[in-house]
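Biologist: Hello! I am new to reading protein structures. Could you walk me through this one, a feature at a time?

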Amino acid sequence: MKALARLAFLAGAVRALRRRRPPRATEDDADAVDLPRRELPNDRRAEAAVAILLVVGGLLAAGFGVLVVADPQTQLLGGVLAAALACVGAALGLASKRVVVQEVDVEERHPPRAEDEARLIEELKAGGEGISRRRVLIGAAGVACCGLAGAVVLPVTGLGPALGDAPNRTPWRRGKRLVDARTQAPLKVDDLEIGSFQSALPEGASPEDLGAPVAVVRVDPRALRLPPERRDWAPEGFVAYSQICTHAACAVTLFRYPVYEDTSKGPALVCPCHYSTFDVLRAADPIFGPAARPLAQLPLAIAADRTLVAAGPLSGSVGPSYWGVKPSSPSTHARGSLPPRGGAPWA
Amino acid sequence: MGLTDDAVDPVRFVDERLGASSLARRALRYVFPEHWSFLLGEVALYSFAFLVLSGTYLAFFFSPDIEPHQTYAGPFRELVGFSVTPAYDSVLRLSSTVPAGLMVRQAHHWAALVFVVAMVAHLARTFFTAAFRKPREVIWMFGVLLLGVGVFEGFAGYSLPDDLLSGMGLGIAYSVALAVPLLGGALGALLWGGEYPGSGVIESRLYIAHVFVVPAIMALLIVLHLALVARHHHTQFPGPGRRERNTVGNPMWPGYALRSLGLMLLVFAVLVGLGGLVQINPIWQWGPYEINRATNGAQPDWYLGWLIGGLRIMPPLEIRVWGKTLVPNPFWGGALFPTVVFAYLMAHPWIESRLTRDRAPHHLLDRPRDHPWRTAFGAAFLTWVGSIFFAGSSDRLFYQVGIDYEAQVHVYRVLVVVLPIVVFVATKAVCDELRRTRAAPALGGPPTVVRRRPDNAFEELRE
Amino acid sequence: MRRTARRALLLLAVCCGGMAAWSAAAGGQNEPASPPPAPGSSAPGPGASALVNHGRDLYAQSCAGCHGDDLRGRKGQGPPLVGAGTAAVDFYLSTGRMPIDNPTDEPVRADPVYSRSDIDALVAYVGAFGGPAIPAAHPERGSVARGKEAFTERCAGCHQVVARGGIVTGAFVPALTDVTPRQLAEAVRVGPYLMPKFTERQVGQGELDDMAAYLRYQRNPDDRGGWGIGHLGPVPEGLVAWLLAGTLLLGVVRLLGERAP
């Protein structure tokens, strides 16, 4: 079957290719052609066309100059200058093919000659004549080269401080208030309903810090399937995860929350760059896409004035993986510690 | 008259001072073998020239600073009151109040896209006609290097305006740098001057790289590339009078010079026309970058699409030892994949000459069909990279045609393995068939006539 | 001239929408929401208006199959509509997302199946079972720039920064170019399908108006650069580079160069 299809395709392709070109003389008569060739053109119409194109191009180019000063409108500028360039370009192309002498020339190649190479080698060798302690000098030169290379390369390290533990340091501390990332207003419990999503920062933190932004979502507390040690990290169904994707540092700004779980996918945070999908009910376990580590979770608590505060630091490193990253427990280390997926209501 | 003889005869005036007339005469008689596909490299060259010209104009108005933030108050209504960086603000000014600024900026961006398109087309032409063989392996390697450096240069430019897309792209690049096994943390910190976005030094570093360091490297590579081409003379297709020891074609003066200048102006015309008429990277629509903001389906410029494809379809695999992450996930698609592609391209001339034991110099080109293995391999390689490239835009495809994204990713994970094999087999079969039947679509070979025999079978008649 | 005409039309549309919203909301309030209907009974009460009765008939014909005769939903078919509110009903029906053939499909925007009066009837009927009323948004009161900022932070992750739509794993995210201010307000408050919902305390009326102004603005974005190629960024740009510029330059090269080697 497959072979048949292949054959049919081949036959079609070959036939199409054959039909396109008329047959030509064989190449055996190569030496019979007269080379080099030189034909003098005498095409007055082409000359006139070139002259017209050059003049029109020149006028248009001048027009562009006027437009820049008088009325710089992008489309007009681009159109006029493009037309000017196209006219002059076409004039040159036409002149090349119709107005100037048409030549086919032959130029011999000059491959490198062995005797030249031999002479070069002799010259090189002659430069070292009369040196008695050749090895010592070569070794010393090697030391000098290494030293100089080091002197050039090592200052490169001055470009940046070592990353060290940076991704494991975040501004989140026990008691830090969560504020709206844009308005800086403290986040109140009653601001969010089940199925709501809010981007938040720690109060007073630098917005340039990868460890700062968190995605706060509110879900049905009965649906949560957090590992046992995180049971009280999500008061009244509020869960917060680092907003920086553990795959490639994009902001995880997609929150899907189904109206009706029976006929659609379950709640998840999704990264808009490579669509890594994190299960918000199960400690941001990655369930689709390239991310291999869950988002770090921020334990939450509700203060006396009903604002949301952090109940501790983030559970793991923020952002993309590297050698020094602290994998966020639990699922990277012990997937088994999570309740089985069957517990999720949509599964 | 009062004029000296020097002024009357400029050729003599120049020659008496430079003594270069014999060199110049040789240059004027330099012969260019003719085929349209030999002009693809020139398109790339002239795109580069345009990038330098337009980039110089843009550099007069661009500011790479990202501090201090200021409140936007310009003609873009949707941004009034936004807190913006000087970098972003300067590109907005370029796009609104600088005369012809938007046209030049857009033409510059289009030129970058077209530059890489032309380089890829030129690379494919060189590969399939085997122009990379001895003595041109080094020319080929400079060309591959130019492609890689050109892609980096484009990314650096894309990252400069500090808009939402460039900020997201830098974040991804930072993650890929971090993902280099063991050294990643140090590498990322070194290039970014600490954590991203952090200190913001990356913008000024990218700026100096984009406007000075990388263009200088590229100019040097181009000079070397072309100087070596001229040293060995151009390759040519086999044909009447064409031998390994000569070049047959159009001399530089006057025909070829006019043609090439014409091509340059027409390339410029296309770029300027696009720059004026087709909007590209409207950063006022994307808005400024903030760490907790992102837009759906963010994409890099096309020439990095293959890397986003690699990042997207890679299964969630990370190698961990002793609770440490040895190989983070972005390494596979973002670092290993392009390294393999470029390393292989660099090495191909040497690998092929070793496998075929062909160490002779070649100046006549192959027709692709004459080396079915090479052609089939090249087609499969292109398919491999190309299918990963298309996987990178499958989110948009999903939007357009309504196929489930997750299903697409699963299909692509299979396709990137299967499709190259299929293409390899099919291409090889087509080449073999073309060779066997001596159909000559490109060259006009001997005609063949097929006749039906009395027993209803077909037979081929050769003249 | 054309712009003023368009503005006038839009204003008219907004006014009509606002009036419809007001009447629907009022209609919803007129119905006795306090005595909840007994389970098993689909009647909102004996004093139901003709509008509600018409809505009940329509509901029985097309909605009850999935959402249940008593609006309590049917497992695996459709969610309960008791307490869904008029906003959700009006949103799903006026955007043509309901009714839907296959309950596991994603409801997508289409031409509405029902006329405005039928929609009003269904809104009145389902609204009688309680739930939030239809909200409104007023683009003319909002600021485009503030709306852009709010939209970028809250919506762009899914809907794309110029509101041209996108995807989330498991669903298609619609473009918002043809959304009316009222539908925007409904979607924000209701959170249809996989979308999160935003309360009035989280997204105030002012912010909603700003977003509506932004969406109206982005219907015809500031394309001073020329042809907008869909406002999707690098994917269509790459297509133009390969297909448009590539074809043009291939043509140039073929014209200037020799075809036969």
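Modeller: Gladly! Let us begin in a loop of chain C, the one between α9 (205-219) and α10 (234-256), where C:Ile229 is found. Please keep in mind that this is a predicted model.

Biologist: What is the phi of C:Ile229 near?

Modeller: First the general idea: most residues other than glycine have a negative phi. In this case, phi of C:Ile229 is near 35°, a positive value in a residue other than glycine.

Biologist: Is C:Ile229 buried, exposed or partly exposed?

Modeller: We count C-beta neighbours, and 20 or more within 10 Å would make a residue buried. C:Ile229 counts as partly exposed because it has 19 C-beta neighbours inside 10 Å.

Biologist: Which residue of chain A has a positive phi although it is not a glycine?

Modeller: That is A:Glu236, with a phi of about 55°. A:Glu236 lies in the loop between β5 (214-218) and β6 (238-242) of chain A. For this residue the neighbour count is 13 other C-beta atoms within 10 Å, so A:Glu236 is partly exposed.

Biologist: Now peptide bonds, please. Where is there a cis peptide bond in chain C?

Modeller: The background is that most peptide bonds are trans. In chain C, a cis peptide bond links C:Met98 to C:Pro99, and its omega is about 0°. To find the spot, look in the loop between α4 (85-94) and α5 (116-127) of chain C, where C:Pro99 lies.

Biologist: And which residues does a cis peptide bond join in chain B?

Modeller: There it joins B:Trp253 and B:Pro254, with omega about -5°. B:Pro254 is found in a helix, α11 (residues 252-277) of chain B.

Biologist: Let us turn to the contacts between chains. How many residues of chain B are in contact with chain A?

Modeller: On the chain B side there are 92 residues, in contact with 84 residues of chain A. Helix α11 of chain B gives the most to the side of chain B that touches chain A, with 15 residues. By class, that side of chain B has 50 nonpolar, 30 polar and 12 charged residues.

Biologist: How many residues does the contact take from chain C and from chain A?

Modeller: For that contact, the numbers are 27 residues from chain C and 31 residues from chain A. Two helices of chain C, α6 (144-154) and α7 (156-159), each supply at least two residues of the side that touches chain A. The residues on that side of chain C divide into 11 nonpolar, 10 polar and 6 charged.

Biologist: How do I read strands that pair?

Modeller: Strands of a sheet pair through backbone hydrogen bonds, either parallel or antiparallel. Here strand β2 (residues 102-108) of chain A pairs with β4 of chain B in the antiparallel sense, over 4 bridges. Within this pairing, A:Val106 stands opposite B:Val248.

Biologist: In what order do the strands of the open sheet in chain A come?

Modeller: The order is β7-β8-β9-β10, 4 strands with antiparallel pairing. At the edges are β7 (254-256) and β10 (285-288) of chain A, each pairing on one side only. From one strand to the next, the twist averages 35°.

Biologist: How many bridges join β8 and β9 of chain A?

Modeller: You will find 3 bridges between strand β8 (residues 268-270) and strand β9 (residues 277-279) of chain A, which run antiparallel. To see one of the partners, start at A:Ala268 and look across to A:Asp279 in β9 of chain A.

Methods:
Residues numbered from 1 in each chain as written. Chains lettered and ligands numbered in written order. Predicted model: local features only at pLDDT ≥ 70, side-chain atom pairs only at ≥ 80, totals over all residues. Contact = placed C-beta atoms within 7 Å. Nonpolar A, V, L, I, M, F, W, Y, C, P; charged D, E, K, R; others polar. Buried ≥ 20, exposed ≤ 12 C-beta atoms within 10 Å, placed from the backbone. Pairing = 2+ DSSP bridges. Axes fitted to C-alpha atoms, helices over the stretch in contact; angles between N-to-C directions.
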